[in-house]
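Me: I've got a model here and I'd like to talk through how its parts hold together. Mind if I throw some questions at you?

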Amino acid sequence: MRRSPVAFSADGLPVGTYGGVQVSPTGAPRTNGILLVPGTVDVATATADGDLVGLVSTSAQGREIVASVCTGAFLLSAAGLLPNAWTTHWEDLAQLGRPGGRRARVVDAGALATGGGLACGIDVALHLVARSTDSALARLVARQLDYPWDYYGDDTGGSDPVVIEREVAAGPAEVY
């Protein structure tokens, strides 16, 4: 039986996104499946919110996979869940101040997967499709999205748990 995704918040109220869209809770946290922790612009406020950090911690228990996108890694860290290999938005790697940070689109550390910046959420989603089904289905989803994605760059799915970005010799000010 296929179960629909559930969105929930610490206080049960809608949450505003950076772009102004309101996401309304659709149910209570579950105790299985995948938990996806989104990023936040106001990292300091989110990580200082004991109710939110506690919700992340308790919601992660019993999950097959816990995943984060962008600065969601800060909430995982505050909840004591960040593994030894992780990523977040490339501008925030040093700010998190924990060992194991990698400049990557996706880092899969087994029961926990982290994604880089906001658009890396697509990469995380495709990675989780590939991981829970197979890379061929994930490629079909990427094709339908018209999104350039290749599961670790090889037809068999590869075995490297990290998809690392190419390093650019120039700094951001020179590139942009």
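Me: Is Arg131 buried, exposed or partly exposed?
Reply: First, a caveat: this is a predicted model, where local features need pLDDT of at least 70 and side-chain atom pairs count only at pLDDT 80 or more, while totals for chains, interfaces and linings use all residues. Residues are numbered from 1 along each chain as its sequence is written, and side-chain values use heavy atoms, with hydrogens and water left out. Buried means under 20% relative accessible area, exposed over 50%, and partly exposed in between, with a 1.4 Å probe and protein chains only. Arg131 has 31% relative accessibility, so the label is partly exposed.

Me: Which residue does Arg131 form a salt bridge with?
Reply: A salt bridge here is a side-chain nitrogen of Lys or Arg within 4 Å of a carboxyl oxygen of Asp or Glu. For Arg131, the closest N and O atoms of the pair are 3.0 Å apart. The partner is buried, at 13% relative accessibility. That partner is Asp108.

Me: How many residues apart in sequence are the parts that Arg131 and Asp108 tie together?
Reply: Helices (H or I, at least four residues) and strands (E, at least two) are DSSP runs, numbered from the N terminus. Arg131 lies in helix α5 and Asp108 in strand β5, so the pair links parts whose separation in sequence is 23 residues.

Me: How many salt bridges does a search of the whole structure find?
Reply: Besides Arg131 with Asp108, the side chains of Arg105 and Asp123 meet at 2.7 Å, N to O. Arg105 lies in strand β5 (residues 104-108) and Asp123 in helix α5 (residues 120-132), so this pair ties together parts 18 residues apart in sequence. Arg105 is partly exposed at 24%, whereas Asp123 is buried at 5%. The search of the whole structure gives two.

Me: What is the nearest side chain of opposite charge to Asp92?
Reply: Lys and Arg count as positive and Asp and Glu as negative, with His and the chain ends not counted. Asp92 sits in the loop between α3 (72-78) and α4 (93-96), and is buried yet has no salt bridge. The side chain in question is 12 Å away and belongs to Arg103.

Me: Which element supplies the largest share of the largest nonpolar core?
Reply: A nonpolar core is a set of buried Ala, Val, Leu, Ile, Met, Phe, Trp, Tyr and Cys residues joined through side-chain atoms within 4.5 Å. The largest one has 18 residues, and Val37, Val56 and Leu76 are among those with the most contacts inside it. β3 (34-37), α1 (43-48), α2 (50-60), α3 and α4 each give at least two residues. The largest share, four residues, comes from α3.

Me: How many charged residues are in the contact of α5 with α6?
Reply: The axes of α5 and helix α6 (residues 135-145) come within 7 Å and cross at roughly 145°, the axes being lines fitted to C-alpha atoms over the stretch in contact, with angles running from 0 to 180 degrees between N-to-C directions. Contact means heavy atoms within 4.5 Å, and the residues making it include Leu126 and Ala130 of α5 and Leu137 and Val141 of α6. Ala, Val, Leu, Ile, Met, Phe, Trp, Tyr, Cys and Pro count as nonpolar, Asp, Glu, Lys and Arg as charged, and the others, Gly among them, as polar. By class there are nine nonpolar residues and one polar, and the number of charged ones is no residues.
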